[in-house]
Amino acid sequence: MASGVSLAFVSLHLYDTSTRTVREFVPVEPGRVSMYLCGATVQAPPHIGHIRSGVNFDVLRRWLLRQGFDVVFCRNVTDLDDKIIRVAASEGVPWFVVSERNQRAFTWAYDQLGCLPPTVEPRAMGHVPEMVELMRRLMDKGHAYASGGDVYFDVVSYADRYGKLSNQKLENMRAAGDTDTDSLKRDPRDFALWKGAKPGEPTWPTPWGRGRPGWHLECSAMATKYLGGTFDIHGGGVDLIFPHHENEIAQSQAAGDGFARYWLHNGMLKLGGEKMSKSLGNSLLIPDMLRKVRPVELRYYLVAAHYRSAIDYSDEALQEAAAGYRRIEGFVTRAAEVIHDVDAAAPLPQAFVDALDDDLNVSQALAVVHEVVREGNVALAQGNKEQVARLLAETQNMLDVIGLDPRSEQWRTTGDSGLREVVDALVAVALEQRQAARARKDYAAADAIRDQLAAAGIVVEDTPQGPRWELAR
């Protein structure tokens with residue numbers, strides 16, 4: 001909905017994990033941003049801890065688009081790993097049945113929460129040739145070696161730079177712990193690029209024997225295939241900094257690629273102070289969450305905290321966030337009944353722009369939204385249509401950037417909005433009957449209709465523009 005902002009005025013600053021500083025964002029190619037996000041490992045359906053990353057980086061992408069950049073966004077799928085193999089074995093099905101089922105669940109969840117579809121969404125097992133080529137380059141440069149059917153990255157050969165992302169020294173690191181074949185390694189800290197064939201596991205041919213790729217190799221091959229040897233932003237959760245992202249940097253730069261120039265990491269979502277995981281039995285799956293709140297309200301909850309901060313989940317906090325969003329939605333709905341044409345080109349409040357330019361501070365940006373909404377409610381009460389029109393445009397344009405505009409096509413067609421349209425039509429019939437009863441001064445009948453609607457969870461509010469309704473919460 002919102003128009004772009006001139007690139008000449010862009011002053012976005014982002015916290016770069018690799019330098020541990022907030023840096024001005026300057027893309028490799030003017031006017032174009034290349035961004036890679038470590039997506040799902042699809043051994044299970046997604047919980048809100050998984051989806052938080054997708055939502056946070058969706059806001060970054062939307063802000064870059066609003067500023068006028070052409071954004072190429074690559075979000076991968078790890079469709080085979082040790083966990084997927086174990087789940088498939090326990091169910092007695094091929095590995096791809098597990099990964100396909102859960103990949104569809106992730107796609108559905110991203111869609112439900114309003115994430116724009118990625119420019120490209122590569123699956124790891126569709127890129128084995130690129131992985132083999134990367135291993136060959138590393139071997140030619142003396143940074144990798146084959147041993148007993150496996151291929152390993154030699155961390156000592158990269159010792160001067162290995163550990164910089166995670167701020168560690170090689171001499172203090174423990175064994176990689178990524179295989180049960182440490183006896184084949186030159187150094188226990190070496191990590192597996194390729195795992196030799198084992199009975200019952202899927203395999204692919206390579207010059208060093210059949211097997212399957214290691215986890216770290218996949219992302220380096222896919223990122224550089226679609227974004228080039230040097231690209232702008234690499235994102236993911238803080239739990240990926242080591243070893244995954246550290247190893248991506250090592251193997252990519254050792255092979256001769258510049259790789260990512262900015263490293264962004266979102267904080268974890270916890271329950272009772274512990275990281276959400278299937279093994280802890282504390283995962284909150286997306287379908288379960290959407291029985292508690294609407295998709296747009298869940299998105300609001302996930303973006304309301306700064307992306308780098310940890311969130312300790314509680315039902316109370318979720319409901320507070322949902323109530324906060326409904327206050328915004330209420331103003332937009334009421335104002336739209338008065339103002340029918342919203343200025344999509346209206347400028348964003350400078351405080352909102354400053355907040356997002358300051359390391360994507362969505363929490364501060366939402367504070368600006370709420371302040372504008374408060375002003376808008378005052379203008380509505382005063383009947384100042386000119387002021388309402390301006391504040392409605394500002395509100396919707398800000399919400400559009402964050403992916404929360406209640407009048408956008410996304411929230412008209414996602415989640416319970418289809419049911420809302422049916423209910424809207426039925427309530428309209430009841431309200432017409434109520435208005436007819438009031439017109440003939442049959443106030444008992446009018447009150448009875450209102451009471452019946454209230455008993456069904458529908459709250460009716462009489463306004464100068466006529467009755468309006470909303471679901472009781």
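Two strands are taken to pair if DSSP finds at least two bridges between them. In this predicted model, strand 11 (residues 269-271) and strand 13 run parallel and are joined by three bridges, so the definition of pairing is satisfied for them. Within this pairing, Leu-269 has Ile-311 of strand 13 as its bridge partner. The two strands belong to an open sheet of three strands, in which the order is 12-11-13 and the pairing is mixed. Strand 12 and strand 13 form the edges of the sheet, each of them pairing on one side only.

| Edge strand | Residues |
|---|---|
| Strand 12 | 274-275 |
| Strand 13 | 311-313 |

Turning to the nonpolar cores, the largest has 125 residues, and those with the most contacts inside it are Ile-48, Leu-60, Leu-298 and Phe-352. Helix 9, which covers residues 315-338, provides the largest share of this core, namely nine residues. A second core, separate from the largest one, consists of eight residues, including Leu-431, Leu-453, Ile-458 and Val-460.

Phe-352 can also be followed through its individual neighbours: when residues up to four places away in sequence are not counted, Phe-352 touches Ala-365, Val-368, Val-369, Met-398, Val-401 and Ile-402. For residues 351-412, UniProt lists, in an unreviewed entry, the feature "domain: Cysteinyl-tRNA synthetase class Ia DALR". In the model, this span of residues 351-412 is 81% helix and 0% strand, and its end C-alpha atoms lie 29 Å apart.

Methods: Residues are numbered from 1 along each chain as its sequence is written. This is a predicted model: local features need pLDDT of at least 70, side-chain atom pairs count only at pLDDT 80 or more; totals for chains, interfaces and linings use all residues. Side-chain values use heavy atoms; hydrogens and water are left out. Helices (H or I, at least four residues) and strands (E, at least two) are DSSP runs, numbered from the N terminus. A nonpolar core is a set of buried Ala, Val, Leu, Ile, Met, Phe, Trp, Tyr and Cys residues joined through side-chain atoms within 4.5 Å. Buried means under 20% relative accessible area, exposed over 50%, partly exposed in between (1.4 Å probe, protein chains only). Contact means heavy atoms within 4.5 Å. UniProt positions are given in the numbering used here, feature names are shortened, and annotations may be inferred rather than shown by experiment.
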